[in-house]
2 protein chains.
Amino acid sequence: MTGLLNELSAHGYKITPQRRIILQVLSESCRHLSVEEIGDKVKQIEPGISVATVYRNLNLLAEIGIVSRLDLHEGPARYELNQGHDHHLVCLGCGHAIKLGVCPMQGEIKKIIEESGFEVNSHHFEVTGYCQECQTRHRKP
Amino acid sequence: MTGLLNELSAHGYKITPQRRIILQVLSESCRHLSVEEIGDKVKQIEPGISVATVYRNLNLLAEIGIVSRLDLHEGPARYELNQGHDHHLVCLGCGHAIKLGVCPMQGEIKKIIEESGFEVNSHHFEVTGYCQECQTRHRKP
DNA sequence: CTCCTAAATAGTATCTATTATCAATTGCTA
DNA sequence: TAGCAATTGATAATAGATACTATTTAGGAG
């Protein structure tokens, strides 16, 4: 948590109460949160904080790599503290993002892409489906 | 092209002039088009067609698997005729989506995910960066 | 071929997620 | 602690997509 604040300073950004609170909320969650969810939690701590501020700071935090943004195919983007490079199994039922310990951008695929002359900037791998708990509930008839 | 129309009938949907034109436009393009681009081309052929119709039908076509939808991280979704399961190298410079002949959801990763008990519904793999032509132009100083 | 009905359409209003604007406030550096 | 750029809150504006509704139409039954 203090490390995260230092990270902000290190990039030349100010440490504001709003940013503290947003980081606090993120650090207390174990899953990806939508901006709405983050905003609600933030307002429970300090009601005056504007959604605009939440959006602004999530973008900023994502840009400097403190948080990672997850774009589900439908609905709003979701954010969580960046815990290193990772990919997820996203459950369509409960919204949980289960970390996948492996990265597809390794081994053969990486080689193929590099050999094609494409300069890789970033990559995105995401699996959607249903986690074990949600499987029975959401199975089609 | 006729095959695509049959596909529509086979699913119980009617063959309308609008759908013909949308499919024609898609079949004449070799890259992913945004709804706006598709709409423009469609209107060149038949000006009276509504954007709502374009949206509606692209959704429909995507649902029955005739077209595939590509969600770039920024900007609107893009569509093209479905040419089998595929992933892309998306160029941040020129926006072209270069097809990647390989799929990460094969071999070991697939095994790992299935063994975790997660029921896979779909997956998404996308690499962003710069294609060869754009590399010199966009390289940071 | 003509009639009928459900499906599809045009045009527009509406919605959702996000960004822009701008005056007022506030960290931080000197 | 003074000053100024960065940040904020409130809200308007935007982009992309969907919902709505009256009207039209595709395509099967007769």
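At what angle do the axes of H2(B) and H4(B) cross, and within what distance do they come? The legends below, which describe a predicted model, begin with this helix pair.

**Figure 1. Close-up of the packing of H2(B) against H4(B) in the predicted model.** The axes of H2(B) and H4(B) cross at roughly 70° and come within 10 Å. An angle from 65 to 115 degrees counts as roughly perpendicular, and H2(B) and H4(B) are therefore roughly perpendicular to each other. From H2(B), the residues B:Gln18, B:Arg19 and B:Ile22 meet B:Thr53, B:Val54 and B:Asn57 of H4(B). By class, this contact of H2(B) with H4(B) comprises two nonpolar, three polar and one charged residues.

**Figure 2. Close-up of the packing of H3(B) against H4(B).** Helix H3 of chain B, residues 35–45, packs on H4(B) at an angle of about 120°, and the two axes lie 10 Å apart. This angle makes H3(B) oblique to H4(B). The two helices, H3(B) and H4(B), form a right-handed crossing. On the H3(B) side are B:Val35, B:Ile38, B:Gly39 and B:Val42, which meet B:Val51, B:Val54, B:Tyr55 and B:Leu58 in H4(B). Seven nonpolar residues, one polar residue and no charged residue make up the contact of H3(B) with H4(B). B:Val54 is named both in the contact of H4(B) with H2(B) and in the contact of H4(B) with H3(B).

**Figure 3. Close-up of the packing of H3(A) against H4(A).** In chain A, helix H3 (residues 35–45) and H4(A) pack with their axes 10 Å apart, at an angle of about 120°. H3(A) is thereby oblique to H4(A). The crossing in which H3(A) passes H4(A) is right-handed. The residues that meet are A:Val35, A:Ile38, A:Gly39 and A:Val42 from H3(A), and A:Val51, A:Val54, A:Tyr55 and A:Leu58 from H4(A). The contact of H3(A) with H4(A) contains seven nonpolar residues, one polar residue and no charged residue.

**Figure 4. Close-up of the protein surface near DNA strand D.** DNA strand D is surrounded by 24 residues, of which the closest are A:Thr16, A:Ser50, A:Thr53, B:Pro76 and B:Ala77. Two or more residues of this surface come from each of helix H2 (17–27) of chain A, helix H4 (51–63) of chain A and helix H4 (51–63) of chain B. With five residues, H4(A) provides the largest share of the surface near DNA strand D. By class, the surface near DNA strand D consists of 11 nonpolar, nine polar and four charged residues.

**Figure 5. Close-up of the protein surface near DNA strand C.** Around DNA strand C there are 24 residues, and A:Ile15, A:Ala77, B:Gln18, B:Ser50 and B:Thr53 come nearest. The elements that contribute two or more residues to this surface are H4 of chain A, helix H2 (17–27) of chain B and H4 of chain B. H4(B) gives the most to the surface near DNA strand C, namely five residues. The surface near DNA strand C divides into 11 nonpolar, nine polar and four charged residues. B:Gln18 and B:Thr53, which are among the residues nearest DNA strand C, also take part in the contact of H2(B) with H4(B).

**Figure 6. Close-up of the contact between chain A and chain B.** In this view, 28 residues of chain A are in contact with 28 residues of chain B. On the side of chain A that touches chain B, at least two residues are supplied by each of strand E5 (97–100), helix H5 (108–115), strand E6 (119–130) and helix H6 (132–138). The largest share of that side, 12 residues, comes from E6(A). The side of chain A that touches chain B has 15 nonpolar, 10 polar and three charged residues.

**Figure 7. Close-up of the axis that relates chain A to chain B.** Chain A is superposed on chain B by a rotation of 180° with 0.2 Å of shift along the axis, at an RMSD of 0.5 Å. The two copies are thus related as by a two-fold rotation axis. Within chain A, the C-alpha nearest the axis belongs to A:Phe125 and lies 2.4 Å from the axis. Both copies use the same surface, as 100% of the contact residues of chain A recur in chain B.

Terms used
Residues numbered from 1 in each chain as written. Chains lettered and ligands numbered in written order. Predicted model: local features only at pLDDT ≥ 70, side-chain atom pairs only at ≥ 80, totals over all residues. Near = placed C-beta within 6 Å. Helix = DSSP H or I, 4+ residues; strand = E, 2+ residues; numbered from the N terminus. Nonpolar A, V, L, I, M, F, W, Y, C, P; charged D, E, K, R; others polar. Axes fitted to C-alpha atoms, helices over the stretch in contact; angles between N-to-C directions. Parallel < 35°, antiparallel > 145°, perpendicular 65-115°, else oblique. Left-handed = near helix turned anticlockwise from the far one by under 90°. Contact = placed C-beta atoms within 7 Å. Least-squares fit on C-alpha atoms with pLDDT ≥ 70 in both.
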